[in-house]
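Colleague: I've got the model open and would like to talk through its strands with you. Mind if I fire off some questions?

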Amino acid sequence: MEKTWRWFGRKDRITLDMLRQIGVEGIVTALHDVPNGHVWTREAIHDLRVYIESYGMRWSVVESLPVCESIKYGGPDRDQLIENYKESLRNLSAEGIHTICYNFMPVLDWARTVLDHPNPNGTTNLYFSYSEFAYFDIYIVGRENAREEWASFKIPGIETYRDILAEVDELRKNMTPEAEHQLVENIIVKTQGFVSGNIREDDDRPVELFKQLLSLYDGITKEQLRENLRYFLSAIMPVCKECGMKMCIHPDDPPFPVLGLPRIVTSEEDIDWMLNAVDNPHNGLTFCAGSLSAGAHNDVVKMAEKFAHRTHFIHLRSCHIFENGDFTEASHLGGRADIVELVRIFEKHNPELPMRVDHGMTMLGDESRGYNAGYSFLGRMFAMGQVQGILATVDNELGIKYKITGFYE
Ligand code: DNO
């Protein structure tokens, strides 16, 4: 695996000089200042690529080249936006960048309700609580039908019945405006702004904006969203073939429909569908072990074996699911994903695949450094060290020479 790291550009507090010191070979980044839907110019791509290379690393993966909402819900301007997307792909290819991570989640990218849930060892991690999420849906967004939907909601893969509505009513008794504000911050501001551009940290009415975005999807079913994905992929495939682009869709996080919005990359069946719908090697997957392991219905190791041949990029992270279905981020050496086995599978399949560790703990002062949620420095560095150890061991088992970066050999 190529050891990569998600870096948020020149404004990131984590500098390329820091990354060079911890064995990072490739950078995963995007032109974060370009508004969604605009063409990424060759000049801007070139400028960032050269900057990265001046630190002895390469720009390995784009995460993300965002797919506009209008392409997802099938708006009247989608063809023009797809043309812009193709132009960005051509420009990236001309600069030697060929792996493109994107997602097809309507409105909300990843979702968490708590950003600093304590671990037994005093560090913190991200956390998803179904009842808090349902509270947000019913009482903050105030979505029509939300109550009815939650009344019959079944947590995927969890057998025991959970009365989420009763928990929501309990939460309501002690809810304060500050706690409501915190939920809004966690669900639609702090976890979204830096990844999707839909809602930014400086928007003063995030909930209103969010409701407008939700309404764009009125009446859009799972089948329709699938068709819109097929339409988008079919339209860009000729350019991908001509330019050697490897498109890799990111699974939905968490892997189930939220807020009445369909989600279509949540399970083995979904991934089968999307790979077969446009059966072309340029249409591939970001194997995000974290997003997939957040669903008790997913057997992550089995999925890695099945989809390794269409995987172009790997996110290593693992989730722990509590008995009631809530989940948190586990150690990269534990949890449901079995990262040791995943490294074996992917390393056997293709030792060149780019991999980044995803979401790390917040530890030892990370909390006061203003890092993006989930993207701490020390916590991710710790995970990166663990994964490098796994990789070196697996390479040894397989008779592959492990690449050490930055040391005398
Ligand atoms: C969250 C990330 C996602 C991912 C996008 C890819 O931490 O895994 O935001 O980057 O969904 O388009």
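Colleague: Let's start with strand E3 (residues 58-63): how many of its six residues are buried?

Modeller: Keep in mind that this is a predicted model. Buried here means under 20% relative accessible area. By that cut-off strand E3 is mostly covered, and the number of buried residues out of six is five.

Colleague: And which strands does E3 pair with in the parallel sense?

Modeller: Strand E2 (residues 26-29) runs parallel to E3 over four bridges, with Gly 26 partnered by Arg 58 in E3. Going the other way, Glu 63 has Cys 101 as its bridge partner in E4. That strand, residues 99-102, is joined to E3 by three bridges and also runs parallel. So the parallel partners are E2 and E4.

Colleague: What handedness does the β-α-β unit of E2 and E3 have, and which helix belongs to it?

Modeller: E2 and E3 are parallel partners, and the helix of their unit covers residues 42-53. The unit is right-handed, and the helix is H2.

Colleague: Now the open sheet of four strands: which are its edge strands?

Modeller: The order is E5-E6-E11-E10, with antiparallel pairing. An edge strand pairs on one side only, which leaves E5 (114-118) and E10 (319-321).

Colleague: What is the average twist from one strand to the next there?

Modeller: That's for the open E5-E6-E11-E10 sheet. From one strand to the next, the twist averages 40°.

Colleague: Last one: which residue in E6 is the bridge partner of Pro 118?

Modeller: E5 and E6 (residues 124-128) run antiparallel, joined by three bridges. In E6, the partner of Pro 118 is Thr 124.

Notes. Residues numbered from 1 in each chain as written. Predicted model: local features only at pLDDT ≥ 70, side-chain atom pairs only at ≥ 80, totals over all residues. Heavy atoms only, no water. Pairing = 2+ DSSP bridges. Helix = DSSP H or I, 4+ residues; strand = E, 2+ residues; numbered from the N terminus. Axes fitted to C-alpha atoms, helices over the stretch in contact; angles between N-to-C directions. Buried < 20%, exposed > 50% of the residue type's maximum accessible area, 1.4 Å probe, protein only. Right-handed = clockwise from strand over helix to strand, strands pointing away.
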